[in-house]
Structures are given as C-alpha cells and as structure tokens.
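Trainee: I should like to learn how cysteines are read in a structure. May we work through an example together?

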Amino acid sequence: PLDFDGNLRLYSRKEDNTTWVVSWQALSQPCRIHGACGPNSVCNYDPVSGRRCSCLPGYQEKNANDLSSGCESKFNNISSDNDTYQTRFIRLSHVEFYGYDHRVYYGYTLDMCRNLCLSLSDCKGFQYRYLEGGLSLMKEFKLTAYFSACYPKVLLLNGRRSPNVDTTLYLKVSKNSLLSNEEEFSEFGLNCSDEILRPLERAYPKSSQNEQLQLILLFAIALGAVEITGIFLVWCFMFSSSQNSNEASQGYHHHHPEITGFRRFTYSELKKATGNFSVEIGRGARGTVYKATLPDNRIAAIKRLNSIANQGEAEFLAEVSIIGKLNHMNLIEMWGYCAERNHRLLVYEYMEHGSLAESLSSRLLDWPKRFQIALGIARGLAYLHEESLECVLHCDVKPQNILLDSNYQPKVSDFGLSKMLNRSSGHLSDSSFSRIRGTRGYMAPEWVSNLPITSKVDVYSYGIVVLEIITGKSPANGESSSSGEGKELQRGLVTWVTENKKNEGESWMKKIIDPTLKGEYNKGEMEIIAKLAMQCVKEDRNARPAMSKVVEILLHRSQYSSPVKIDRLSSE
C-alpha cells in the first residue's frame with residue numbers, strides 16, 4: 001500500500017504470526033519522499049532516530065507539534081528591490097531542494113548566479129553545482145559543454161541534507177541578521193589574565209665551544225640540505241609530465257560525482273586484462289575494442305579511444321556521463337573507465353555475438369531473431385527519448401553500434417556522439433549542435449537542411465537499420481545505374497525499396513526480403529515491420545512516428561497476432 005508518508009511499501013507476515021513487517025519499500029531513504037517536511041525546512045535521516053525535520057537558519061517552526069507544516073522567517077521579509085547592501089547569502093553545504101526552480105541556468109559562474117538571485121524578487125536562494133568536466137577541463141580543452149548549473153529557487157520545498165548530496169545551497173538572508181555559514185565559524189578563546197609574563201633577568205655564562213665540531217655540524221647540515229633538494233628536484237622531474245597529463249583525470253574525480261559509481265581502472269590493469277591489447281574484436285572511427293578478462297574473471301570489452309584532442313575528450317565525457325544515468329535491458333552496461341595521462345578507455349560488458357552488422361554479414365540471423373532485434377532496438381531508443389530522466393539523442397544509430405548478447409538480445413552502444421536535452425523545456429529543439437553527427441547513410445535529412453534537431457533523427461536512423469535487417473543490404477549498397485557519361489549513380493537503400501514497393505504491387509515484399517532467409521519468414525510480421533520502417537524514413541520528420549509508438553505496434557504484433565506461419569517463396 002501507499003503509506004501515510006508517501007512511500008510505497010510491501011507488508012508480509014508468516015502464517016503463525018499476527019505481526020505485519022515491511023519486506024520491501026520503494027524508497028529506502030525517507031528524505032527522498034517529496035513533501036516530507038514543509039517549506040523552509042530540511043529533512044535529515046538518522047538510522048537510529050529516523051527522519052527529522054529542521055528549520056533553515058533564520059527560520060522557526062510554525063507548529064511545534066507538526067514540523068511537516070514547515071517553518072516561517074524569524075525576521076521581516078527582505079525588501080522586494082533586493083538591494084545588494086540589504087541582503088546577503090549564507091552557504092549550506094550538502095543541502096538540496098528539489099524543484100521550484102525559476103529556471104536552470106547553465107554555464108553561470110557563482111557570482112553570476114548570486115547576482116541573478118538578487119535581481120529576482122521571488123528568489124529565496126540558489127543552488128549551485130559543477131557538472132561534468134569541471135572548470136579546469138573547460139579552460140584547458142576549450143570545450144563548449146556546460147560545466148556548471150545555477151538553480152534560483154522561488155520556493156524552498158522538498159529539502160534534504162545528506163553527505164552524499166553534492167549541491168550547495170546559498171540562502172538569502174537579511175544583511176542585519178547574525179546568521180553565518182559553517183565555513184565562517186571559528187573558535188574564540190578568553191584571556192582571563194592581565195598579568196604579563198616576563199623572562200627572568202638572568203645571565204648564563206656561555207660554555208666554551210669546539211670550533212672544529214661546529215664546522216663539521218654545519219657541513220653535515222649543508223650536505224643534507226643539498227641531498228634533500230636533489231631528491232626533490234628528481235621527483236619533480238619524474239612526475240611533472242604525469243601530473244600535467246593527469247590533470248584531466250583528477251578533474252573527473254573531483255568534479256564528476258555522477259561517475260563515482262563506476263570503478264576506476266588503471267591503465268596497467270587494463271593492459272594486463274587485454275593481454276597487451278592483443279585480441280581485437282572491433283574497430284571504428286573513434287576507437288578500437290578489445291576482449292579482456294578482468295581480475296574478478298568477468299569477460300569484458302575494452303574500448304580504447306584513438307585521441308584525446310578536443311573532440312575525443314568531449315566524446316569520452318559524453319559517453320561516461322550519459323551512460324552513467326541510464327539503466328535499461330537494451331542499453332549496453334558500463335563497468336568502469338580509465339582516465340590516466342593521455343589514455344581514455346571504457347570498460348563494457350562483453351557481447352558474445354558481436355555487432356548486428358557482423359551477424360547480418362555472416363548470415364546467422366533467422367526471421368524470429370531479426371524481428372526481436374528490431375523490437376529490442378526500438379525499446380532502447382524509446383527509453384532514451386521518453387523514459388529516462390532527461391531526453392537523450394543517440395545521434396549515431398547503425399548496425400555497428402547494436403551489440404548482441406548470447407541470446408541475440410540487442411543492446412544499443414557507443415554514446416560518444418549522444419546529446420542530453422532537458423525535458424523540462426517542453427520541446428527538444430532548444431539545444432544547438434556544433435557539428436553534424438552520425439554516419440553517412442543513416443543520417444536524417446535535418447542534419448544537412450539546417451532544421452532543428454529532435455528525437456526524430458534517431459527514428460530515421462532506426463528505419464534505415466530495420467530496412468537493412470529486412471533486406472540484408474547496406475544503405476550504401478543499393479542498386480546502381482550508369483548515365484550516358486559513364487558516371488555511376490548511387491540510388492540508395494530507401495530509393496530501392498520505394499521503387500520496388502511502387503512497381504511490384506503485392507509482391508514487393510518478396511523482392512526486398514533478404515535472399516539468405518530462403519523465403520522462411522512470417523508474412524504478417526514482415527508486412528508490419530516493412531511498412532513501419534518506411535514510415536520512419538519519411539523526409540518530413542513530423543510524419544515519422546515516436547519510438548514509443550513503434551514499440552507499441554511491434555509488441556501488439558508479436559503478442560496478439562495469430563500463430564506464426566512460415567511462408568516459403570520459390571527461388572526465382
């Protein structure tokens with residue numbers, strides 16, 4: 001049931017016991033339940049005493065018998081003109097208030113965020129945090145990604161405080177208040193004595209000194225100082241290059257709280273796990289993939305990026321930060337990473353059957369497997385577009401980036417070109433793209449026609465992949481004809497399928513189906529998936545269906561259709 005505190009719990013009891021006990025609950029941390037404490041208060045959780053509500057500095061409880069009613073200010077309201085000389089901010093670390101943002105401002109400095117809150121009449125304070133990369137990476141690599149976020153708060157509700165919270169709250173208070181933050185506290189001691197201690201006026205006779213012993217002692221001190229200085233200089237020389245090249249790696253560990261859940265491997269560990277990178281299982285434009293055996297005997301795939309220049313570093317940041325926020329059965333799972341010196345490596349789960357492109361070329365896929373692969377890819381993309389916390393555009397959907405496990409279940413991989421968009425904006429075309437992303441043959445027309453980029457670019461690429469699953473043809477390997485001048489004209493996969501559909505009438509599906517299937521396929525499924533693929537590759541992006549609609553259609557076909565009937569076509 002849904003309990004009184006807003007948490008969903010499962011109660012159970014044994015047959016010989018009348019007491020009900022909690023066997024499962026949706027939220028293990030009670031302070032994550034929104035509305036647990038009222039406005040202007042913070043939720044603290046202690047395993048012994050449980051959940052407690054505390055008022056923010058400068059606020060007092062409204063009802064002593066019910067802290068969930070919230071807190072009210074002890075002082076008069078701050079004037080609406082927000083005069084800088086009348087207001088100030090106190091800093092509260094590890095404090096977060098969920099929601100009620102005036103807006104999220106990316107790329108703002110701390111001073112810009114503070115001035116913004118002062119200019120807003122309804123701003124109660126602001127949260128400030130660093131995002132992926134950190135300021136040091138932004139300066140060194142001159143990347144265009146956002147590395148900080150400012151959250152002006154119009155209402156302080158759903159607050160919690162925990163050491164795991166990486167956000168800092170700056171609370172707006174009156175200039176005349178005596179409040180201070182934790183960094184301004186200092187210890188004071190009292191001097192209760194007025195007497196001044198003076199040394200005794202005594203003269204002690206100096207003993208005779210051995211000048212030779214004094215010279216030996218000075219020489220030993222000087223020699224020791226020279227040795228220490230030499231050791232220090234050698235140490236600096238040996239590790240200076242390592243420190244400079246490892247600065248980016250340190251930036252990840254200090255400024256990337258979202259990747260702390262991944263294991264950080266050293267380069268020597270991955271070099272040993274791959275047998276000095278001896279077993280290559282894949283190669284692409286952005287890196288090479290090797291098979292590896294980790295120290296815990298798990299089989300893994302190690303992706304080694306080719307370059308850490310501006311573009312390569314940005315792709316590494318994108319892949320680590322985006323995939324760290326995703327969890328779906330049809331998305332590749334990442335186990336760890338390496339960011340050491342100029343090495344950038346990603347550690348993934350190993351896929352026994354490699355990529356979809358390899359399986360199509362080796363003719364190992366029968367029709368049931370192909371249909372389930374198309375459904376699994378659609379599920380993964382629908383999760384990225386509509387079910388994850390923020391909308392993610394993959395931007396490079398192609399068979400080489402679809403991996404197959406031991407049961408031929410597909411997993412979408414390679415998020416190096418992906419883009420994360422804020423779903424709260426209400427539409428997906430707010431983000432600008434600095435360059436065209438994707439692979440030729442799978443790219444939607446919007447990339448070259450200067451139209452806003454939305455999730456429909458992934459829908460187009462998905463349609464091309466499905467056509468390739470059906471026909472066994474690559475989008476670059478359609479039929480070709482020669483002009484009068486002898487120049488070969490590439491017609492492309494979409495044009496080839498469209499012309500067959502128009503000219504062959506009812507038998508058009510027999511013309512386009514992969515001949516390696518030898519006519520063994522489900523006619524109903526084939527008709528549904530072929531027409532769906534053609535809808536996905538429409539020139540007009542608004543005519544393409546959403547990925548959730550694609551999943552709905554394919555699930556309806558696979559679950560509620562009549563028993564599978566295999567159609568055998570004559571080999572003409």
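**Reading the cysteines**

Mentor: Let us begin with one cysteine: Cys-395 is buried, with a relative accessible area of 5%. Please keep in mind that this is a predicted model.

Trainee: Where is the nearest cysteine sulfur to that of Cys-395, and how far away is it?

Mentor: The nearest one belongs to Cys-391, at 9.7 Å, and Cys-395 is in no disulfide. Seen from the other side, the sulfur of Cys-391 has its closest cysteine sulfur in Cys-395, and 9.7 Å is too far for a bond. A disulfide requires the two sulfur atoms to be within 2.5 Å. Cys-391 is also buried, its relative accessible area being 0%.

Trainee: What, in general, is a disulfide?

Mentor: In general, it is a covalent bond that joins the sulfur atoms of two cysteines.

Trainee: How many disulfides does the structure hold?

Mentor: It holds five. Counting the bonded cysteines along the chain, the disulfides follow the pattern 1-3, 2-4, 5-6, 7-10, 8-9.

Trainee: Which residue forms a disulfide with Cys-31, and how far apart are the sulfur atoms?

Mentor: The partner is Cys-43, with the sulfur atoms 2.1 Å apart. This pair links distant parts of the chain: Cys-31 sits in the loop between strand E2 (21-25) and strand E3 (41-46), while Cys-43 belongs to strand E3, 12 residues apart. The angle about the S-S bond is -75°, and the link of Cys-31 and Cys-43 is left-handed.

Trainee: Are Cys-31 and Cys-43 buried or exposed?

Mentor: The cut-off for buried is under 20% relative accessible area. Cys-31 counts as buried because its relative accessibility is 12%, and Cys-43 counts as buried at 1%.

Trainee: What does the disulfide of Cys-37 and Cys-53 tie together?

Mentor: The sulfur atoms of Cys-37 and Cys-53 are 2.0 Å apart. Cys-37 lies in the loop between E2 and E3, and Cys-53 lies in strand E4 (residues 50-55), so the disulfide ties together parts that are 16 residues apart in sequence. With -85° about the S-S bond, this link is left-handed. Cys-37 is buried at 4% relative accessibility, and Cys-53 is buried at 17%.

Trainee: What can be said of the link of Cys-117 and Cys-123?

Mentor: The link of Cys-117 and Cys-123 is left-handed, with -100° about the S-S bond. Their sulfur atoms are 2.0 Å apart, and both residues are buried.

Note on methods. Residues are numbered from 1 along each chain as its sequence is written. This is a predicted model: local features need pLDDT of at least 70, side-chain atom pairs count only at pLDDT 80 or more; totals for chains, interfaces and linings use all residues. Side-chain values use heavy atoms; hydrogens and water are left out. Helices (H or I, at least four residues) and strands (E, at least two) are DSSP runs, numbered from the N terminus. Buried means under 20% relative accessible area, exposed over 50%, partly exposed in between (1.4 Å probe, protein chains only).
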